[in-house]
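Student: I am new to this structure and would like a close look at one part of it. Please take me through a single chain, how its sheet is put together and how the chain meets its partner.

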4 protein chains.
Amino acid sequence: MPQQPLIVGRPVLLVIDIQKGAFLGGGGIPHMPRYLENMANARRVIDAARAAGVPPIFFQEAHRPDHVDFGRELDGSEDVHCVEGDPGTEIAAEETGFLPSDYFIRKRRYSCFFGTDLEILLKGLKAETLILIGGLTDVCVHYTFADGHQHDYHCRVVEDAVGGSSDTAHAASLNAMEYLQTGARRRTEEILDAFAARPRAA
Amino acid sequence: MPQQPLIVGRPVLLVIDIQKGAFLGGGGIPHMPRYLENMANARRVIDAARAAGVPPIFFQEAHRPDHVDFGRELDGSEDVHCVEGDPGTEIAAEETGFLPSDYFIRKRRYSCFFGTDLEILLKGLKAETLILIGGLTDVCVHYTFADGHQHDYHCRVVEDAVGGSSDTAHAASLNAMEYLQTGARRRTEEILDAFAARPRAA
Amino acid sequence: MPQQPLIVGRPVLLVIDIQKGAFLGGGGIPHMPRYLENMANARRVIDAARAAGVPPIFFQEAHRPDHVDFGRELDGSEDVHCVEGDPGTEIAAEETGFLPSDYFIRKRRYSCFFGTDLEILLKGLKAETLILIGGLTDVCVHYTFADGHQHDYHCRVVEDAVGGSSDTAHAASLNAMEYLQTGARRRTEEILDAFAARPRAA
Amino acid sequence: MPQQPLIVGRPVLLVIDIQKGAFLGGGGIPHMPRYLENMANARRVIDAARAAGVPPIFFQEAHRPDHVDFGRELDGSEDVHCVEGDPGTEIAAEETGFLPSDYFIRKRRYSCFFGTDLEILLKGLKAETLILIGGLTDVCVHYTFADGHQHDYHCRVVEDAVGGSSDTAHAASLNAMEYLQTGARRRTEEILDAFAARPRAA
């Protein structure tokens, strides 16, 4: 199977659910051991994207204070999480370099496409390649990749800049994404090199 | 054609795009003469809904400051409108009685269902009837009604609590909604009576 | 307001709900007087599209035999209609020149986008302009136009090749479409000229 | 984590992509060793569902003959597959007991919700629980489960009546589904018992 090129057409960077909770501990969601190291790589990818003029889009999973929109999310391994107004629900601004002027999308479900204006934004940006970082590899990242794939986007996941609920689940989801698009799995250094090779942003 | 009942199952009130711009004048969108009188009726419906425990959901049309998400909205009769950060884009809080604790949904397109979490919220609320007020009758209200109809909701429009881009367009869209569901067109007094007849909210 | 160009990028022709019922009489749906004359124009547009290499996509409104999917469609002016297996539900093949090899999409709701693979097909075709013919002007055509508009397509309606539930509703919906995109309303002769001016299909 | 009940409200059975190709060999899609044994279990579940009045819905992945709708599906591990008109694309009617009167949905993408009328049908049936069988565990089944979960359905997967692209991928996806809803993984015998315990269909 020939590896797909890293970037096709215009890329955007999807920064998925890097919220304060993971740095504060707790938060109702399990994390694999190297989670925070991988989030440090995510920061490097974000900075490189900005320098190269690749727009980052920041996603926040957030549930309404009355819990009306949890749907079936409490039927499984996750406890109450990401409630609006809780400190852990905020985007981890210092850790990610999030700016008030950045594209920001709040979501109620795992996929960044589900019940959001992401498709509107991507069409406006004329984006063709989605580069995914953040968490959880095996939930929001995986299901966003699957939807991006089904919406015809070239999708890439930075395997050492995403974190899973466990090492096993992280690895399995990376394999599942690679199944969909050969060459989808990339490493931070590759992304940094590819961004550095682009013409500088205006 | 027998008239459908006013309320089936649990109702919610959709308060569509009652934003400061209409009260400040200007804003890039045309309005029919009695627009503000009808918005005063909208306020009466909102207050009665609260008293009856019918949750209002406030919608704000808003476009990103870089205009990336206007799509085709500037190809027709509307000029640049509802940009985030402009004073006219804010929900008309005093005029509607909007509270920080109210359900609030920002949207980029005309239909309240398009690129939003409305379906998630409606499922969470177990809503079956949507009561529509706000504006424009012939754009956001009409296309929200059509989508609500296609999503199997009982839809009602309060004809003297919605405002159109012109009298003609307002009347035509009310007729189109009545075509879809007989008895969809209702008047403010009918709604107030129906809400008053419900058991009081806890 | 400057008129938008007739065709931007690659066009496709949406042939909406031209089914046998309208030609057989009856069918549970009201029609304006000149309906069949306008459908004859629709045929001319289809033939010209083929000659110019503009792909037609044929839509069929169809409900399952047990009526499970009517949703709220029987709450208004329409009676039971377009049931699978009824002769009137078939695409009007002779009248439209429909071929087995044509793109065909069955739909359960009014908008051609709702619960169908239309967006998948349009992305595959790299279509940017949608040209609408068929019926009803004020129902399936209008709501398909609104969704196409919201999905960022350039939308055009051939005003004498669409038919409404009544003359009044037909005229009102044409105005509503023109409100969304200036120059959306076009006549059959204009479309024929524009198609004839394109390079011939391979 | 308490196990969720097997059936909540009205159940339906989603029979995902059991097509002739898997029985004919080839077909452009990899399969795990026990694939056909698990499809034999799927047949037992289908027969029991019918006897209990639980409606099966049969899905067929199918691509248009000109390949216009493959999107990104050929960028990864799958070769050209499920083209309309190919013998392997047909529902495996003998093997599954598929009847002309059964609910049938053709899909272009992996998730049974993507670009289809499934939500319309589920609302019409007032379904609350989705029971999934068929293939591939790690592609169409997994992504349908994720979408069903995000649409607020109780989702169950019959682990010995689904088949994956490999044993590893099959096992990983079953774990991922169990992560979302505790007690999602069930065995054929449990399902047969639960169906047998229901009141007989009329």
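Tutor: Happy to! To compare two copies, they are superposed by least squares on the C-alpha atoms of residues with pLDDT of at least 70 in both. Keep in mind that this is a predicted model.

With that in hand, take chain A and chain D. Chain A is superposed on chain D by a rotation of 180°, with 0.0 Å of shift along the axis and an RMSD of 0.0 Å. This is the relation of a two-fold axis. The two copies also use the same surface, as 100% of the contact residues of chain A recur in chain D. If you want to find the axis from chain A, look for A:Ala172: among the residues of that chain, its C-alpha comes closest to the rotation axis, at 3.0 Å.

Now for the interface itself. Here 34 residues of chain A are in contact with 34 residues of chain D. Together the two chains bury about 3000 Å², and carbon and sulfur atoms give 54% of that area. Three residues are worth picking out: A:Arg72, A:Gln150 and A:Tyr179 supply 28% of the area that chain A buries against chain D, more than any other three residues.

Next, let us turn to the sheet of chain A. Six strands form an open sheet with parallel pairing, and their order is E3-E2-E1-E4-E5-E6. At the edges are strand E3 (103-107) and strand E6 (185-186) of chain A, each of which pairs on one side only. In general, strands of a sheet pair through backbone hydrogen bonds, either parallel or antiparallel.

Follow the E3 edge inwards and you meet strand E2 of chain A, residues 56-61, which pairs with E3(A) in the parallel sense over five bridges. To see how the two strands line up, find A:Ile57, which stands opposite A:Tyr103 in E3(A).

Helices complete this picture. Helix H2 of chain A (residues 35-52) packs on the sheet, where it touches strands E1 (10-16), E2, E4 (127-135) and E5 (154-163) of chain A. The direction of H2 makes about 135° with that of E5(A). Helix H4 of chain A, residues 118-125, lies across E1, E2, E3 and E4 of chain A. Relative to E2(A), helix H4 runs at about 180°.

Terms used:
Residues numbered from 1 in each chain as written. Chains lettered and ligands numbered in written order. Predicted model: local features only at pLDDT ≥ 70, side-chain atom pairs only at ≥ 80, totals over all residues. Heavy atoms only, no water. Contact = heavy atoms within 4.5 Å. Pairing = 2+ DSSP bridges. Helix = DSSP H or I, 4+ residues; strand = E, 2+ residues; numbered from the N terminus. Axes fitted to C-alpha atoms, helices over the stretch in contact; angles between N-to-C directions. Buried area = accessible area lost by both parts, 1.4 Å probe.
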